[in-house]
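User: I'd like to learn how to read a structure like this one. Can we go through some features together?

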Amino acid sequence: MVQFDEFMIAAAAGAWKRPSVYALDNWCRRLSNSLNGESRFLNSAQSGHLWERIIRHDIETTQHELLQITSTARKAAQASVLLHDYDAELKTKGITEDHQAFYRWHKAWNLELGRLNRQDQSTRISFVSKAFAQGELSPPAKIVMVGFDDFNPAQKNLLHALAEAGTQTEIYPDHQIESDISVYPGLDREDEVAECARWIRHLLRDNPELRIGVIAPDLERYQSLIRHHFLSELDPSAALDGSGSSLPYNISLGGRLDGEGVIFSALQLLSLPSVLSIDELSRLLLSPHLAGSGAAFAKRSLADVELRRRRLASFPLWKLQRLLEDVGCDHDFVTIIESISRFNNNSHKAMPGVWAEKFANLLQACGWPGDRTISSRQYQAVERFRTLLAEIASLDLVAGPVSRSEACRLLRQMAADVEYQPESSGSKVQVLGMLEAGGLDFDCLWILGMHSSALPKSVRPNPFIPRSLQKEKGMPRADAGRELEYAGRIIQRLFNAAPSVVTSWPVTDNGVAQRPSFFINDLPARSLPDTVSAAPAATISAWKGALEYISDFQTRSLLSKKPVSGGTAIVKDQALCPFRAFAHYRLKAQGMEDPDIGLDNMTRGTLVHSTLEFFWETTRTHETLSQLSEEDISSTLSRAVEQALTREEKQKRADMPSRIRELESLRLVRLCRKWLELERKRAPFTVIEQEQLHQETIGRLHFRTRIDRIDRLENGTLAIIDYKTGIPDPKQWYEHRIQEPQLPVYCNAIERSEIGAVLFAVVRNKPAERRFSGLARAPEEFPGLSSHALQKTLNEFGWEDIDQVLGHWKNALPALGDAFTSGDASVDPVDVHKTCRYCDLTSLCRIHERNDWPLWEVRCD
Ligand code: SF4
């Protein structure tokens, strides 16, 4: 249209009437509308559903198996359109099983159309041709056809009918611009697009009025690269702030409607199950597209953290209200959950139109699309989605009552099928597919992706029409000769569409070597102007100015003398990596919990601790244990297990599913019973303390901690015991940097001579792993320890006896406490392979930016 105006201005016209410009399909739709004929045609949603229904019915009656009904229905619909457009008729003799199936479906399709008194939308063009031929439509005086590389028989019939009716038809000639064509072999697709983006920026810098075209035979594969590189080069500040709401180019290919975040969140809302997983609940809590999401974002985020901390993996909607209130979630969100729960109670079937209304009501009740201001792009997507809800109601014509999940599936499928294109930005840079560029000319043109398998297109006939018939009628993708000739025509048109044309191809694509297309094979490669990138990342790395380095391994000292919360884990973290201790206990940063189905390892470990604690609360001494009969042990253990499970449920404020509770109860009784057999083999002892709170001081660090258990031994000394359900390594106690400081910390406040043993009680199922491990003055009194093995280990680390190790702890631990309180926050893991691999702070800590970071080893693990 701009070119038309320029032409009229150049022709010195003072005023002129703008011509009406339509895509051929839209023009036919307008004409059929003017005859009130539009209601005769099924829309795309109705056609798709009807094809699927016919195919489903056919495979049920013929007892064939078909996995991909939706994509088969699409191919069948395409075959039906081809038959109409190319005026072809299926023969029943000598055809394959697939063709026979399609023949049946096509027959059923025509019968259904007759029953519904509707027509296939592919026949609209014939309807219009007939209307011109019969004088029902008044023919325009003149039409100009622009951008048609080929006319199929149905289009030719229309032109014929127009000519008969007296319309003057002109086929707009291809441009014949003398071009300077160069070839750029890109390293890969990314390199091609990046070079193209820099080339455009270079051209626009010299002349912002240039009309630049970018064309790709396979635009869909290039779309995301184009979006990234064009935005980075043409609008770097928008690329940095991530807005990108108005693109610096126009693209003919839209994305899928369900790819827009706001639509994804609506579809998720409508298809939620009645029991949510933690991830589904998390997505809802953090969604910006629900009522109250702005004002209550902090509350909802904290609720998410708290729910994960409780390690519950599934959340029945009907129980969720109480739990949400319990974790401090806002009232709006609780109301949203109530609405979803009510909506999910709709278990009966209903017509699609009824579901459309219910969907709209639920979205409204949830405050979708949220109370924040949405961008223009999001607004357009929301409006398109609302029309989609109306379209699903149109399925009432071809569908019967459907379930809620089926209605959701239909809506999802329709949203995936809608190609969504926000309004264009009015930029002079046009990104187009090969066919959309027909009839257009540019000042400069770049053709991307010209490798041999992109052009000419490979032969891929429709599977439901015999290939011979497709070749005979000249249908697309049915014959290599036709494709070569057709591609040649298009490429010639493009080469003549601008005075300066660059073509490019990727030398490799996903690691596979490529060859240039036949059409550019003989063209000479020419170098492009040397352009500097304006992309933010390239600009920053090319920065030559002075950089200021800031050391951030030391933070402020702790001034308060109050105990720091965290217990011995502070000292352990400080020993493993000072930044980890700083992040956990001063920044209060923690990785998000990721609960799994059933009970996680930490909960199962806690239950073992609690069971043994309750058991020893009543049993107390080795003597009592030895006197208990098997039945007594069983009943005492069963009571202890019940108490442990109840305590766990109370702490989490949620009941365990009954089957899981039952299984866990059996496991705990069996495991603890085996452990008690080991305790029976010990020398006499009395349990004098369990889970008691102690105030500890390590250097200048004060904290409170609980010791699992302290036993008084026969000789009056103490055994400090820590239960472990994993496999601990006491050798870490003997290292210079003590990595397992929990038990050493417990020993800190006890007189050295009073300590008889420092032990891990390894409560494991496998007999070989179930044992005591650690230090003891009389090792033979503890199953799993021996004097010989212990002495050997001590010698290995240069210690003579247990007293020397206890002395080492006394000396080494205060340094860790002092380092923490003085603000040492250096990123210094003991072992980057082990310590960082199991650290929950990898999203906060930047150690992975170090060049020697074992990236693949960790990620692949
Ligand atoms: S990831 Fe490694 S370096 Fe970073 S805090 Fe954790 S342990 Fe320390």
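User: How far apart are the mean positions of the positive and negative charges of the protein chain?
Analyst: Keep in mind that this is a predicted model. Compare the average place of each kind of charge: here the mean positions of 103 positive and 114 negative charges are 3 Å apart.

User: What is the radius of gyration, and how does the globule rule come into it?
Analyst: You set the value against what the rule gives for the chain length. For 861 residues the globule rule gives 29 Å, while the protein chain has 37 Å, so it is more spread out than a compact globule. Along the principal axes, its C-alpha trace spans about 120 × 70 × 55 Å. The chain holds 31 helices and 19 strands, and buried residues make up 48% of it.

User: How many aromatic pairs are there?
Analyst: The count is 21. To read one, check the ring centres, then the angle between planes; under 30 degrees counts as stacked. Trp51 and Phe102 have centres 6.2 Å apart and planes at 15°, so they are stacked. That pair joins helix H3 to helix H5, with the two positions 51 residues apart in sequence terms.

User: Which other residue does Trp51 stack with?
Analyst: Trp109, at 4.6 Å centre to centre and 20° between the planes. Trp109 also lies in helix H5, 58 residues from Trp51.

User: Are these two Trp residues buried or exposed?
Analyst: Buried means under 20% relative accessible area. Trp51 has 2%, so it is buried, and Trp109, with 1%, is buried as well.

User: Which residues form the aromatic cluster?
Analyst: Trp51, Phe102, Trp105, Trp109 and Phe464 make up one cluster.

Key: Residues are numbered from 1 along each chain as its sequence is written. This is a predicted model: local features need pLDDT of at least 70, side-chain atom pairs count only at pLDDT 80 or more; totals for chains, interfaces and linings use all residues. Side-chain values use heavy atoms; hydrogens and water are left out. Helices (H or I, at least four residues) and strands (E, at least two) are DSSP runs, numbered from the N terminus. The radius of gyration is taken over C-alpha atoms; the globule rule is 2.2 Å times the number of residues to the power 0.38. Buried means under 20% relative accessible area, exposed over 50%, partly exposed in between (1.4 Å probe, protein chains only). Lys and Arg count as positive and Asp and Glu as negative; His and the chain ends are not counted. The place of a charge is taken as NZ of Lys, CZ of Arg, CG of Asp or CD of Glu. Rings of Phe, Tyr and Trp (its six-membered ring) pair if their centres lie within 6.5 Å; planes under 30 degrees apart count as stacked, over 60 as edge-to-face and the rest as tilted.
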